[in-house]
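Thanks for coming. Please have the sequence and the model open side by side. I'll go straight to the strands and then to the helices around them.

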Amino acid sequence: MKLAVLMLLLILPSQLHAGVIALTILAESRGEGRDGMAAVACVISQRAINRNLTPEQVCLQKWQFSCWNGKSEADLEHLYKTAQAKYALYLEANIDRMNRANVGYADHYYANYIKPPYWAKGRKPVAKIGKHFFYKLR
């Protein structure tokens, strides 16, 4: 038992939710192709920098990504069976190396098929990739 407790203490915080970033990317943008998925990964990375949080913490912050509203990791695990899962896991593994300039250092986005959020009012997107508009608010 003591060894198990010691091993648990050696787990890095980012390993506690391994896959959360990939699941977020899959849930938010798997239908947007590689460019759209990479763009969402860039937003996750930029928010982590802006907020001094880990990318996993950013993904799990309340009301940050609609895919997590009222859902758990178990609710989204079926997404690992999609064709895009391998690429999403690649993006997660490289989240700290994303070229955020590709989306104008955007820290927010929304899909063009929903009503624009309050924070987009009067603002011009810094990028449009697939069905998503990207904004730099900070």
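**Strands first, then helices**

Start with the strand pairing: E1, residues 108-111, and E3, residues 132-135, run antiparallel and are joined by 4 bridges. Keep in mind that this is a predicted model.

Where does Ala111 find its bridge partner in E3? At His132. Now look at the other strand pair. E2 and E3 also run antiparallel, with 3 bridges between them. Here Ile129 stands opposite His132 of E3.

Put those pairs together. The result is an open sheet of 3 strands, ordered E1-E3-E2, with antiparallel pairing. E1 and E2, the latter covering 127-129, are the edge strands, and each of them pairs on one side only. On average, neighbouring strands of this sheet are turned by 20 degrees against each other, direction ignored.

What packs on this sheet? Helix H4 does, and it touches E1, E2 and E3. The direction of H4 makes about 145 degrees with that of E1.

Stay on E1 for the side chains. In a regular strand, side chains alternate between the two faces of the sheet. In E1, His108 and Tyr110 point one way, while Tyr109 and Ala111 point the other way. Are these four buried or exposed? All are buried.

On to the helices. H3, residues 20-29, packs against H4 with the axes 9 Å apart and an angle of about 125 degrees. That angle makes H3 oblique to H4. The crossing is right-handed. From H3, the contact uses Ile21, Thr24, Ile25, Leu26, Glu28 and Ser29. From H4, Gly33, Gly36, Met37, Val40, Ala41 and Ile44 take part. By class, that contact holds 7 nonpolar residues, 4 polar and 1 charged.

H4 also meets H7. H4 spans residues 33-51 and H7 spans residues 85-93; their axes come within 10 Å and cross at roughly 30 degrees. This crossing, too, is right-handed. Arg34, Met37, Ala38 and Ala41 of H4 meet Tyr87, Ala88 and Leu91 of H7. The count there is 6 nonpolar, no polar and 1 charged. Note that Met37 and Ala41 appear in the H3 contact and in the H7 contact.

Last residue: Lys86, in helix H7. Why do we call Lys86 exposed? Because its relative accessible area is 73%, and the cut-off for exposed is over 50%. The C-alpha atoms of Lys86 and Ala22 are separated by 8.9 Å, although the two residues are 64 residues apart along the chain.

That's the tour. Over to you.

Conventions:
Residues numbered from 1 in each chain as written. Predicted model: local features only at pLDDT ≥ 70, side-chain atom pairs only at ≥ 80, totals over all residues. Heavy atoms only, no water. Axes fitted to C-alpha atoms, helices over the stretch in contact; angles between N-to-C directions. Helix = DSSP H or I, 4+ residues; strand = E, 2+ residues; numbered from the N terminus. Left-handed = near helix turned anticlockwise from the far one by under 90°. Contact = heavy atoms within 4.5 Å. Nonpolar A, V, L, I, M, F, W, Y, C, P; charged D, E, K, R; others polar. Buried < 20%, exposed > 50% of the residue type's maximum accessible area, 1.4 Å probe, protein only. Pairing = 2+ DSSP bridges. Parallel < 35°, antiparallel > 145°, perpendicular 65-115°, else oblique.
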